[in-house]
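Hi everyone, thanks for making room for me today. I'd like to walk you through one structure, starting from a single residue and working outwards.

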Amino acid sequence: SPYLPPCPALASAFWLLRPSVVDSTPSICPRCPADPEFLQKIRLQIMWLKRPTRDLYKSYLTRMDLQDDLRKFCEMPVAWLPGRNITKEPERLLLQELYAAVVRMKGALKALENQLVDEEKPLPHQLATVSLWLTGLLSNIQCAQCQRGLRPVPVTPSEKSQDSSSFAQKIEGCQVLWNLSRFIKGLAKVFQKQSVKSKRPERQKKKKGKTNDSSVVIL
């Protein structure tokens, strides 16, 4: 069964997380619903993915016995994910950066899945969950681009190491998952702050209204 977000605020907005369309071509545009909430869906999906991407990384470390000193080899940035805060980019560039990043992340997870299957190793259950929700995230990014008349830019697939040794493949796998978790965590942190900030004026307005009500003197 799918992992549900523990936060009530996210659970109440679960409908926003559901992918609208799954396609990898421009033909997705005619099938995107007239939904003005695609950016909100994207933010919520990324906030929700923070925990399962972290759990997937930790599960992989345990399964592959990459704890303690070996863990430092996993925590190395990859060139195919942005290393800066892309949320500061204009909306157009943000969507393009997100699209390219998610396409590469999906490809890297698929390569990892194929590798584990070839080696007849059990797949972490979080892998299927994260892959499914990245597919939904990608479809919402594409629809957000369609609404703005943007076409997805060509994406160069992430490069795979030429070292075919078992240890090198383990390290490459954990690097993919650490970078995925770190990238999602960074975005989720910014989107969470933005969400809290956007709700602050509404809370202040309600608080002011209650204060005014309590100041009324009944004769």
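Let's begin with E91 and the company it keeps: setting aside neighbours within four places in sequence, E91 is in contact with L39 and R148. Before I go on, please keep in mind that this is a predicted model. How far apart are E91 and R148 in sequence, and how far in space? Along the chain they are separated by 57 residues, yet C-alpha to C-alpha they are 9.7 Å apart. E91 itself belongs to helix α4. Is E91 buried, partly exposed or exposed? With a relative accessibility of 39%, E91 counts as partly exposed, because that class runs between the 20% limit for buried and the 50% limit for exposed.

Staying in helix α4, which covers residues 91-118, we meet K110 and E113. These two sit 3 residues apart, about one turn of the helix, and they form a salt bridge whose closest N and O atoms are 4.0 Å apart. For those of you who like to think about solvent, K110 is partly exposed at 46% relative accessibility, and E113 is also in the partly exposed class, at 25%.

Now for some other salt bridges. How many are there in the whole structure? The search turns up 8. One of them pairs R84 with E89, with 3.3 Å between the closest N and O atoms. R84 has a relative accessibility of 45%, so it counts as partly exposed; E89, at 24%, is partly exposed too. Another brings together the side chains of K121 and E119, at 3.0 Å from N to O. Here the accessibilities are 25% for K121 and 26% for E119, so K121 counts as partly exposed, and so does E119. Then there is a little group rather than a pair: R51, R54 and D55 are linked in a network of salt bridges.

Let's turn to charges on the surface. Which residues gather in a patch of positive charge there? They are K50, K185, K189 and K193. Helix α6, residues 166-214, supplies the largest share of that patch, with 3 residues. K193 is found in helix α6, and its relative accessible area is 55%. Why does K193 count as exposed? Because its 55% is over the 50% limit for that class.

Finally, let me step back to the whole protein. What kinds of elements does it have? There are 6 helices and 0 strands, so reading from the N terminus the order is simply α-α-α-α-α-α. The chain has 219 residues, and 41% of them count as buried. The protein exposes about 13000 Å², with carbon and sulfur atoms supplying 55% of that area. And what about contacts across the sequence? Among those between residues at least 6 apart, 81% join residues at least 24 apart. The pair we started with, E91 and R148, is in contact and lies 57 residues apart in sequence.

So if you have the model open, try going back to E91 in helix α4, then look for the K110 and E113 salt bridge, and end at K193 in helix α6. Thanks for listening, and I'm happy to take questions.

Terms used. Residues numbered from 1 in each chain as written. Predicted model: local features only at pLDDT ≥ 70, side-chain atom pairs only at ≥ 80, totals over all residues. Heavy atoms only, no water. Helix = DSSP H or I, 4+ residues; strand = E, 2+ residues; numbered from the N terminus. Buried < 20%, exposed > 50% of the residue type's maximum accessible area, 1.4 Å probe, protein only. Contact = heavy atoms within 4.5 Å. Areas by Shrake-Rupley, 256 points an atom, 1.4 Å probe, with all protein chains shown as cover. Patch = residues over 30% accessible without salt bridge, like charges linked within 9 Å, V, L, I, M, F, W, Y side chains within 5 Å. Lys, Arg positive; Asp, Glu negative; His and termini not counted. Charge placed at Lys NZ, Arg CZ, Asp CG, Glu CD.
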